[in-house]
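Here's a quick tour for anyone meeting this structure for the first time. Have a look at the sequence and the model, then read on.

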Amino acid sequence: MEFREKEGYKPEVKLEYVDEHGRTMAPKEAFRYLSHRFHGKGSGKKKLEKRIKKSEEDHVMNLLYIYIYIYIYIYIYVY
């Protein structure tokens, strides 16, 4: 049996990088994470603080969106 290539076959591949907390990462962040794990190194103190601050801000914004959604839902359906 001979193997033949399918003509016009173009697979769609989408790589999605996710960190240990389930957040999506950009390709640059994913490469840095993989490189640090491979070489046994870590980010500097300022980078860690910046990443933690960004994570906290994202969390606060998500909570804010949830509260706004609940407020609008109550305003529309309860009153």
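Does R23 count as buried, partly exposed or exposed, and what is its relative accessibility? R23 has 37% relative accessibility, so it counts as partly exposed. Keep in mind that this is a predicted model.

**The salt bridge**
- R23 pairs up with D19 in a salt bridge, and their closest N and O atoms sit 3.4 Å apart.
- The count of salt bridges comes to one.
- D19 is on the buried side of the cut-off, because its relative accessibility is 14% and buried means under 20%.
- In general, side chains of opposite charge can pair when their charged atoms come close.

**Helix α1**
- Helix α1 covers residues 27-39, which makes 13 residues.
- At 1.5 Å a residue, α1 should span 18 Å, and its end C-alpha atoms are indeed 18 Å apart, so the two agree.
- Just one of the 13 residues of α1 is buried, so the helix lies largely in the open.
- Right after α1 comes G40, with a positive phi of about 70 degrees.

**The positive patch**
- K28, R32, K47, K50, R51 and K54 together form a positive surface patch.
- Two elements, α1 and α2 (45-77), each give two or more residues to this patch.
- α2 gives the most, with four residues.
- K54 is located in helix α2, and with 48% relative accessibility K54 counts as partly exposed.

Notes. Residues are numbered from 1 along each chain as its sequence is written. This is a predicted model: local features need pLDDT of at least 70, side-chain atom pairs count only at pLDDT 80 or more; totals for chains, interfaces and linings use all residues. Side-chain values use heavy atoms; hydrogens and water are left out. The expected span of a helix is 1.5 Å times one less than its number of residues. Buried means under 20% relative accessible area, exposed over 50%, partly exposed in between (1.4 Å probe, protein chains only). A salt bridge is a side-chain nitrogen of Lys or Arg within 4 Å of a carboxyl oxygen of Asp or Glu. Patches are made of residues with over 30% relative accessible area and no salt bridge: like charges are joined within 9 Å, nonpolar side chains (Val, Leu, Ile, Met, Phe, Trp, Tyr) within 5 Å. Accessible areas come from the Shrake-Rupley method with a 1.4 Å probe; for residues, only the protein chains shown count as cover. Lys and Arg count as positive and Asp and Glu as negative; His and the chain ends are not counted. The place of a charge is taken as NZ of Lys, CZ of Arg, CG of Asp or CD of Glu.
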